[in-house]
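Thank you for making time this morning; please have the sequence and the model open side by side while I talk. I will begin with the whole chain and then move to a few local details.

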Amino acid sequence: MTNSEPEPPTLKRTRSVSPVWILPIIALVIAAALAWQAWLEQGPSIEITFGDASGVKPGKTLIRYKDVDVGIVKDVKLTESLSKVRVFAELDPDIADHVSADTRFWVVTPRITLSGVSGLNTLLSGVYIEMDPGKPGRFQRTFQGLDVAPLVRSDEKGSRFNLIADELGSLDVGSPIYHRQIKVGEI
């Protein structure tokens, strides 16, 4: 037997990820993927200015086109002069290509006029904002909302005329217009 001393052990340091960190790393990757997907699916934000916002509620009031939901109101604020209301909304990404300078918005509420009743569906579903896309063009973010629904929408045939008279007489919003005893429009 030889009396030799054993060789000292050699220490090698290896850098590896502890298995404890695998689960948090996977959770971080999944969270990043979900955040990226949510960002990609987010639609454009727009601002619409109205005279008043009666019945418009953030998170509840929808924007519709032909009874299809195309957006939702995110916030409602007063203008700096307190004379009007600014409505901030988010639209669906699919509708963004159809929003341009010609796009019109108005608040749909129940109305009773001489020519009939409109907006009765809002009694159950609540007030909503209707959109008329108009002619295609460059995307726009700010709009001036209409006080009443337009008589002729962009996808309908028809004309709009401004008549000026000295006296109003018995005319009112919604009064029918006749030509040869056939109703051809309304005020």
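Among contacts in the protein between residues at least 6 apart in sequence, what percentage join residues at least 24 apart? Before I answer, let me say that what you see is a predicted model, so please take the values as computed from that prediction. The answer is 61%, counted among the contacts between residues at least 6 apart in sequence.

As for the overall layout, the secondary structure comprises two helices and eleven strands, and, read from the N terminus, the order of elements is α-β-β-β-β-β-β-β-α-β-β-β-β. In other words, a helix opens the series, seven strands follow, and the second helix comes before the closing four strands. Of the 187 residues in the protein, 24% are buried, and the exposed surface comes to about 14,700 Å², of which carbon and sulfur atoms supply 57%.

Let me now turn to the pairing around β3, which spans residues 68-78. On one side of the sequence, β2, residues 62-65, runs antiparallel to β3 and is joined to β3 by four bridges, with R64 standing opposite D69 in β3. These two strands form a hairpin with two residues between them, and K66 in that turn has a positive phi of about 55 degrees. D67 lies in the same loop, between β2 and β3, and also has a positive phi, near 60 degrees, although D67 is a residue other than glycine. Is D67 buried or exposed? With a relative accessible area of 58%, D67 is exposed, the cut-off for that term being over 50%.

Moving on along the chain, β3 also pairs with β4, residues 85-91, again in the antiparallel sense and over seven bridges, and here D75 is the residue that stands opposite F88 in β4. The hairpin formed by β3 and β4 has six residues between the strands, and L82 in the turn carries a positive phi of about 65 degrees.

Finally, please look towards the end of the chain, at the loop between β10, residues 176-179, and β11, residues 182-186, where Q181 is found. Q181 has a phi near 65 degrees, a positive value in a residue other than glycine, and, at 77% relative accessibility, Q181 counts as exposed.

Note on methods. Residues are numbered from 1 along each chain as its sequence is written. This is a predicted model: local features need pLDDT of at least 70, side-chain atom pairs count only at pLDDT 80 or more; totals for chains, interfaces and linings use all residues. Side-chain values use heavy atoms; hydrogens and water are left out. Buried means under 20% relative accessible area, exposed over 50%, partly exposed in between (1.4 Å probe, protein chains only). Contact means heavy atoms within 4.5 Å. Accessible areas come from the Shrake-Rupley method with a 1.4 Å probe; for residues, only the protein chains shown count as cover. Two strands pair if DSSP finds at least two bridges between them.
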